[in-house]
Amino acid sequence: MAKTNNPSAQIAPPSGLPIDIGISAEDRAAVVAELSKTLADTYTLYLMTHNFHWNVTGPMFSALHNLFMTQYTEIWQALDEIAERIRALGHYAPGTYAEYARLSSIAEPTSVPNAQGMLQMLVDGNEAVARTARSAFRMADEVNDQPTADLLTQRLDIHEKNAWMLRSMLA
């Protein structure tokens, strides 16, 4: 049985409906706590990527504007998948800026950086999501939650690839 001392599990209380999917209520809460952090990091990265799409300037404008749009569009779809997995586990998904700010490991920019700064912040953001998703994966794997592990494996693949592509533009 998984144990969590993470108070963020409380942000997603059980919905009150009985669930018998072969994962205990305590184990589902532990997975939800980690998924909630993944959702918060993903949402923060989405906002940052969309912001940079709007505000990028310089000689790489067209390439970065299009790359950022491709990435924020994919991330937007992922938000729904993560939140729906939290719901399938019987908890409410966090959905406010205050909750995301509390749960996210990604610092939001305080100003609009230049294009190189944007690239570096997005590399760091994608790597942060990968670390958070990897932690959530370990919890899901520990409690034998294959659908969550599969979702997180897909997210890891995408964020590691995004970080590589962004990093390549900094070289």
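**Helix packing and the nonpolar core**

The largest nonpolar core here (buried Ala, Val, Leu, Ile, Met, Phe, Trp, Tyr and Cys joined through side-chain atoms within 4.5 Å; buried is under 20% relative accessible area with a 1.4 Å probe, protein chains only) has 42 residues, and L35, L39, F68, L122 and L166 have the most contacts inside it. At least two core residues come from each of α1 (25-55), α2, α3 (97-103), α4 (115-142) and α5; helices are DSSP runs of H or I, at least four residues, numbered from the N terminus. This is a predicted model, with local features needing pLDDT of at least 70 and side-chain atom pairs 80 or more, while totals for chains, interfaces and linings use all residues. Numbering starts from 1 along each chain, and side-chain values use heavy atoms, leaving out hydrogens and water.

**α2 with α5**
- The axes (lines fitted to C-alpha atoms over the stretch in contact, angles 0 to 180 degrees between N-to-C directions) of α2 (61-88) and α5 (146-170) come within 11 Å and cross at roughly 165°.
- That makes the two roughly antiparallel, a label for angles over 145 degrees.
- On the α2 side, the contact (heavy atoms within 4.5 Å) includes L64, F68 and I75, and on the α5 side L151, I158 and L166.
- Its residues split into 11 nonpolar, 4 polar and 4 charged; Asp, Glu, Lys and Arg count as charged, Ala, Val, Leu, Ile, Met, Phe, Trp, Tyr, Cys and Pro as nonpolar, and the others as polar.

**α4 with α5**
- These axes come within 8 Å, crossing at roughly 160°, so α4 and α5 are also roughly antiparallel.
- This contact has 16 nonpolar, 7 polar and 4 charged residues.

**Around L39**
- Leaving out residues up to four places away in sequence, L39 touches L79, I82, A83, I86, A93, P94 and Y100.

Conventions. Angles under 35 degrees count as roughly parallel, over 145 as roughly antiparallel, 65 to 115 as roughly perpendicular and the rest as oblique. Buried means under 20% relative accessible area, exposed over 50%, partly exposed in between (1.4 Å probe, protein chains only).
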